[in-house]
Each structure stands twice: as C-alpha cells, then as structure tokens.
Amino acid sequence: MWLTQLFNGLSVSSILLLIALGLSITFGLMKIINMAHGEFIMIGSYAAYVTQNVFKSALPKSAFDAYFPVAIVVSFAVAFAIGYLLEATLIRFLYGRPLDSLLATWGVGLVLQQVARSIFGAPNVAVTSPSWLDGGMRIMDGVVFPYKRLFIIGLVLVCLLAMYLYIYRSGPGRRMRAVMQNREMAACLGISTRRVDGMTFAIGSGIAGIAGCALSLIGAIGPTIGTNYIVDAFMVVVLGGVGKLVGTVAGALGIGMFNTLFEWWSTASLGKVFVFVLIVAFLQWRTMGLFAVKTRSLD
Amino acid sequence: MLQALTAPRTRKLWLLLGYAAAAAALFSAPLYLSDFRLNLLAKFLAFAIVALGLDLIWGYTGILSLGHGVFFGLGAYAMGMHLKLAAAGGRLPDFMDWSGVTKLPWFWAPFESFGVAVLLGILIPAALALFLGFFTFRNRIRGVYFTILTQALVIITVTLFIGQQAYTGGTNGLTGFTKLFGQGLKTDGMKTGLYLATVIVLIGAFVLCRYLVKSRFGKVLRAIRDGENRVRFLGFDPAMYQMAAFAISAALAGIAGMLFVLHVGIISPSMMAIVPSIEMILWVAIGGRGALVGAVIGAVALNYAKSSLSESYPEIWTFFLGGLFIVATVFLPGGIVGLAKQIGPLFRRKEAVHDQALNPVLRESNRSV
C-alpha cells in the first residue's frame, strides 16, 4: 500500500531528522564532525532503559506508564551533560581540524560503546513501551498507523519547534547564528564564542539523546545502536546543506522518503545504492547542498 | 661548508642502510619465524600496502578516505572469485548451488583466469575511485563532504554484497579455497612463496610511492594539501591530480586485498565494513601521515598489537583503539615518525636549533602536518 509506505518514509525521516539536527548545528557552527553522535543516541536509549527499571522497581505498578515522559527528560539531560563534558575536555582542542575531529570523536565513540558494553552487557536489552502507545490508528482496511510511530513524529515536531524558537527567536540562538556566520566578528562584538560552542554542542548531544529515547520505543537497544544511523544522518547534513534548519528538514525528508520508496520498489540493498547515486548526482548540481548559507568566500 | 655538504649525505647513507637492513630482515623471515608467525606477518605486510596508498592520498594530498575498505575488499573479492572457481574445478561454486543459481553469472566468468583476476583486482578499485573522484573533486566537493561520501560508499557496498547472496556469498563471503596454479594453498612451499611475493610487492609499492612523492607530481599533491586554491590560481587543475592519487591509492588497496585473501583464505563483507576502513586510517595516523615509512610501521605495529591484545583481552583492545584515535589526533599529529622529528631537535646542538628557528624555509619543511 502506498499510504503505508508514505507513512513509513515519514517515520524514518522523522528519526533521521532528530539525529541530524544536532550534527548539522555542530558541523555548521564549529566545523566539527562528531562521529560520537551515534553514541549519544545510545546514551539516550540506555537512559530510557534505566529510567524504566527505576520505575519498575521503586514505584507502584500504576505509575509505570508515566515513565516515558520522564525518560525523555532524563535522556536529554544525561546526553546534554556528557556532551558538555566532551566539548570542554576534548572537542575544543580540535577546532579548525575537521578531519582530525572526525577521527578523535570516532575514538570517543568506541570508548563509549565499550563502556556501555561493560555496564549493560553486550546483548541487546528491551524497553517496555508504555501501554498508552500500544496499538494503532486504523485509517482504512489494511492501513494502520502505529501510535508509537505517530508519537515519534509528534515528538520530532515538538523538538523541531523548540529548536526553531531557540535558534531564530532567542538571545542565545542569535549569538549562535552570529558565531556561525562570522566567528571573529562575533567575538569582537563581545560574544563568548567558547560558551556558545559548549552550549551548542551540548544541545546537539541532548537532542541525540531524545532520538535514542524515541528509538527505544521501536526496537531493542544495544551498544552499537547509534552506528546504524550515523552515516545516514551525515548524508542528511551533506544533502541539506549546513547551518540552516530548513536544509536539515528537507535533507531528512528526501533521504528518508527515497530510501523507503526505493527499498519498496527494489530490494533493501539496491535501494541504498540508488539513494547514494541520487545524492552524488544531486551534489553535481548543488555542491553545497540544498540550502547553504550564501557566502562570497572561496572555501 | 664541508660539514654542511656531508651531513645530508651521511644521513642519506644511513637511511639507505636502514632500508637495506629492513628488506634483508623481511626476506630472511621464513628462516627464523614459525609458519604461524610468518602467515601473520604476511597479513600485516599486505595491510602495510593499503597504508602506503592511504598515506599517498591522506598524508600527501590531504584527502581523508574512509572508503579504502571497499577498494581492499574489491581486490580481495576478485582474488576470492578466482580461488573459488579454482576450488570448484569447473562446476558451480558451492554457495551458488545453495542459492539456486544454475549457470555461472557472466561477470564471474573472466575470473577463471589468474591473470585476468589480478588485472581486474587492480582495475576495478581504480575505476571506482576514478568514478567517485570524477564526480566529487571536479565539483570541488572535498574535505569532510568527500569523507562522508566515502563512508556512505562503504555502507552501500557492504549492504549490496550481503544482499546479493547468490552472486557474492552474502554474509559468509567467499571461503573454502584449496588451490592456486593447481598447487595446494596450505602447503609450506606455497605459504613461503606467497610471503615472499608479498614482500616484493610491498617493496615495489614503497618504491613507487616514494618515486611519486619525490617527483613533480608529489610536489603538486602536497601543494594541494596545503592550499588547493593557490594551486588552482597557479594554473594547475587540482581535480586531475586528486583523481590520479585517489585511483593509485585504490589500486594499491586492491592489490593488498588480493594478497590478504591468499594469506587468510576468506573474504567477507565484514572485512570491508566501516570499522576496518577507519582502522586503516589509524595505521597511517599512528605511524605518521606524510611519511611513507610511518605508514608501514604503523600498519605492522598496530596489527601486531591487535593480534596480541585482542585475543586475550577484547575489551581492553577496544578501549586501547579508541584511546589511540584520540591520542593520535590530539597529541601526535605526526605519528611515530613525527614524534622522532618532534623530540629530535632536543638532542641537537643549541646553535643548530637556533638556526632552524630563524630560517623560515627549514621551519616550514619541519612543520608537522
């Protein structure tokens, strides 16, 4: 059914978007390729898992369904804190060296994965989703939209709105955009670029944490959960262009939709090849992606 | 004056002596290493060939490719297909039987011949690199954008090879090889012969890369790394040079892949996935980018560490690997070879150091990259 495929595409896109949001901002702002971003997804997932376990053991059964909203907040907070710490201890030494930042953060990702393996064990663990997300909305015969997926799409929309308000309608967001467009000039005008960098990286990581929490709804979680998504998320950033929210949204929709459609028309493996060829072909036409910030500089 | 003339010359002599000693040690290894160790060393030396190619593209041209696992894998599959056909002896390879394929696919047929298989194992990776390079470098897609695209290339190649199980052997890959040139693959004579062949290819690759980086071509590569736009303004076309370097680098990876299959006897998609591809980068980073010897040392040293650490303590190995990535990029931008350059001046006479500090050309040439 094409309606089901459309919905699946939207669902895939929404998760990609949530993951790519943080990437696009840190890349646009600091020219840092954060390969450990996938591990922040993992951190978010495990935060949800731990929250669930706490609710199970410490609170009465009737309160269990309320764990999920709490888990979202916890996931964000934990990923935010670890992201802030990582920026302060390692990332700030790597500014201006995007390729080195890629390698160093890959190393961080490996270490974080191994830490998760030591704490939670290598096998995947499952998070029981709250009962109010079971079942689905029946559109017509044979077409059912699961509540979980709908909830994730809603969650992504809320995050998107929050990010929009933060970036374009708040003081810190204005400072962030200033640093993104011209770091030296922004610093001259009294913006603490260090603080902006730290906050932005932490927020990007926090959103990845929320993505991880959302992923815990639709499957088991393991130490390598993030690596499955990270490359696709980077392709979103490349396709959408750096530094603009609308670019990331368009990139995520494009890749998520085309991926689902091609996989439906052909096989899963051939579908990925088609999407890759399309992206490379598209970049022939717009080298900097769909919505790049216009600039006269050569690089 | 006399001293100034002789100093570089003696240095060169020492360097030559060092190379000769290393070559002698490698060639005589079958005399003093057990079969098991010799096989391991042969594998490491095959990896060193990939590292040379990666150094050419990353250390000298400044392009980070996370896709060399694919080129390595394509070479390995080319050789694997030949060995599989040789093992099947005129019938269909076993996994095709299981998947219900009745006739040998057309693209398998050329691999019946060893010569054609070797040629394709070099040309296919080079052609794929040229193809990708043509559509990226010419449009000035570079830096991290290019790196991300190469990583996506890895993902799709791996999913493709797993998905097309009937033609590629799927997740299991190709294995169960028995013969090469009609001789048993597991015999001692064959193993020693393959080891020596690897040493010869490695030396050949080293000499080729050294010639390339010392030539005018290599100068342009380094110029592209340090300032692509300046090179363009000087009338060169950086894209042509980048494509050439990328293709040569991919061909070297393909050769390494072919040797790898001969030593290890299996190739599967997991060996060309993202993690092995990025580990290859670490060999160069640890050894020293922009130094060919560094690439070889890094590949052998890290793989030695991996085989001795990961078997007994797999957890520690992952921590170690992750830590190495961080240390190599933050503290050791020049790798092991660069470290020697970093601490070298501390032991020299004071004036010499002073001279160096004053002379901008010298300082520039010593700058770690």
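Begin with chain A and chain B together: in this predicted model, the two chains bury about 3700 Å² between them, and 78% of that area lies on carbon and sulfur atoms. Within chain A, select Leu99(A), Leu103(A) and Trp106(A); these residues lose the most area to chain B and together make up 17% of what that side buries.

Next, display every residue at the contact between the chains. The selection should hold 38 residues of chain A and 43 residues of chain B.

**The salt bridge**

Which residues should be selected for the salt bridge between side chains? Choose Arg289(B) and Asp100(A), whose side chains meet at 3.1 Å, N to O. Across the interface of chain A and chain B, the rule finds 1 salt bridge. For polar contacts, the count between the two chains is 5 residue pairs, with both residues at pLDDT 80 or more.

**The side of chain A that touches chain B**

Now colour chain A by secondary structure and select helix H4 (98-120), helix H9 (227-240) and helix H11 (268-285). Each of these helices supplies at least two residues of the side of chain A that touches chain B. H4(A) provides the largest share of that side, 14 residues. Recolouring by residue class shows 27 nonpolar, 7 polar and 4 charged residues on the side of chain A that touches chain B.

**The nonpolar surface patch**

Then turn to a further selection on chain A: Met1(A), Trp2(A), Leu6(A), Met137(A), Ile139(A), Met140(A), Tyr147(A), Trp264(A) and Trp265(A). These residues make a nonpolar surface patch of about 970 Å². Helix H1 (2-30), strand S1 (136-140) and helix H10 (245-265) of chain A are the elements that give two or more residues to the nonpolar patch.

Which element gives the most to the nonpolar patch? The strand S1(A) does, with 3 residues. Finally, centre the view on Met1(A), one of the patch residues; Met1(A) lies in the segment before H1 of chain A.

Conventions: Residues are numbered from 1 along each chain as its sequence is written. Chains are lettered from A and ligands numbered from 1 in the order in which they are written. This is a predicted model: local features need pLDDT of at least 70, side-chain atom pairs count only at pLDDT 80 or more; totals for chains, interfaces and linings use all residues. Side-chain values use heavy atoms; hydrogens and water are left out. Contact means heavy atoms within 4.5 Å. Buried area is the accessible area (1.4 Å probe) that two parts lose on being put together, summed over both. A salt bridge is a side-chain nitrogen of Lys or Arg within 4 Å of a carboxyl oxygen of Asp or Glu. A polar contact is a pair of N or O atoms within 3.5 Å; within protein, one must be able to donate a hydrogen and the other to accept it, and residues adjacent in sequence count only if both atoms are side-chain atoms. Helices (H or I, at least four residues) and strands (E, at least two) are DSSP runs, numbered from the N terminus. Ala, Val, Leu, Ile, Met, Phe, Trp, Tyr, Cys and Pro count as nonpolar, Asp, Glu, Lys and Arg as charged, and the others, Gly among them, as polar. Patches are made of residues with over 30% relative accessible area and no salt bridge: like charges are joined within 9 Å, nonpolar side chains (Val, Leu, Ile, Met, Phe, Trp, Tyr) within 5 Å. Accessible areas come from the Shrake-Rupley method with a 1.4 Å probe; for residues, only the protein chains shown count as cover.
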